[in-house]
Amino acid sequence: MAQLRSPVPSMRSEAAHAAGELELRTAMPELIDLLDDVTPDVQLQAIWSLGQIGGKTAQRAQAGARVVAVDRSAPRLDRLRQNLTRLQLNAETVKADAAL
């Protein structure tokens, strides 16, 4: 979605929202990049959209829930920790196979 890279903040925000509504997994890398956007509304839309697509951790942490994120992939957990730090959110992360 080229609109996620638009120079216009309202366009990035609307594109992020649309990506969440459509649950576009292919937009996830760009949405993750928008977590660093200079415009707070764009950041919030990216959080919401990632939650819609399946990344509920940031969305629930933002709502004040106690969150424990479990993943067997250390690189994914590292990226999650970086994003949570950038967003000033807290969640416990555990490297494990949740299917066990």
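The following numbered points describe the fold, the core and selected residues of this predicted model.

1. Overall architecture. The chain contains five helices and two strands. Read from the N terminus, the order of elements is α-α-α-α-β-α-β. Helix α5 therefore stands between the two strands in this order, as the run of elements defined from the N terminus shows.

2. Dimensions. The C-alpha trace spans about 45 × 25 × 20 Å along its principal axes. For 100 residues, a compact globule would be expected to have a radius of gyration near 13 Å; the chain has 14 Å, and the two values therefore agree.

3. Burial and surface. Of the 100 residues, 36% count as buried. The accessible surface of the chain amounts to about 6,200 Å², and carbon and sulfur atoms account for 53% of this area. As for contacts across the sequence, if one takes those between residues at least 6 apart, 50% of them join residues at least 24 apart.

4. The strand pair. Strand β1, residues 68–71, pairs with strand β2, residues 92–95. The pairing is parallel and comprises four bridges. Within this pair, A69 has T93 of β2 as its bridge partner. Helix α5, residues 74–87, joins β1 and β2 in a β-α-β unit, and the unit is right-handed.

5. The nonpolar core. In soluble globular proteins, nonpolar side chains tend to be buried together. The largest nonpolar core in the model has 23 residues, and those that touch the most other members are L4, L31, L34, L35, L87 and L89. Two or more residues come from each of α1 (9–21), α2 (28–34), α3 (40–53), α4 (56–62) and α5. Helix α3 makes the greatest contribution, with five residues.

6. Contacts of L87. Which residues does L87 contact, once its neighbours within four places in sequence are left aside? They are L35, I47 and A58. L87 is also one of the core residues that touch the most other members.

7. S49 in helix α3. S49 belongs to helix α3. Its relative accessibility is 0%, and S49 therefore counts as buried. Beyond its neighbours within four places in sequence, S49 is in contact with A16, H17, G20 and L31. L31 is itself among the core residues that touch the most other members. The C-alpha atoms of S49 and A18 are separated by 8.0 Å, although these residues are 31 apart along the chain.

8. Q45 in helix α3. Is Q45, which is placed in helix α3, buried or exposed? Q45 counts as buried because its relative accessibility, 19%, falls under the 20% cut-off. Apart from neighbours within four places in sequence, Q45 contacts S13, A16 and H17. Two of these residues, A16 and H17, are also listed as contacts of S49.

9. E23 in the loop between α1 and α2. E23 lies in the loop that links these two helices. With a relative accessibility of 48%, E23 counts as partly exposed, because this value lies between the 20% and 50% limits. Leaving aside neighbours within four places in sequence, E23 is in contact with Q52 and I53. E23 and L50 are 27 residues apart in sequence, and their C-alpha atoms are 8.4 Å apart in space.

How values were computed. Residues numbered from 1 in each chain as written. Predicted model: local features only at pLDDT ≥ 70, side-chain atom pairs only at ≥ 80, totals over all residues. Heavy atoms only, no water. Pairing = 2+ DSSP bridges. Right-handed = clockwise from strand over helix to strand, strands pointing away. Core = buried A, V, L, I, M, F, W, Y, C linked by side-chain atoms within 4.5 Å. Buried < 20%, exposed > 50% of the residue type's maximum accessible area, 1.4 Å probe, protein only. Contact = heavy atoms within 4.5 Å. Rg over C-alpha atoms; globule rule 2.2 N^0.38 Å. Areas by Shrake-Rupley, 256 points an atom, 1.4 Å probe, with all protein chains shown as cover.
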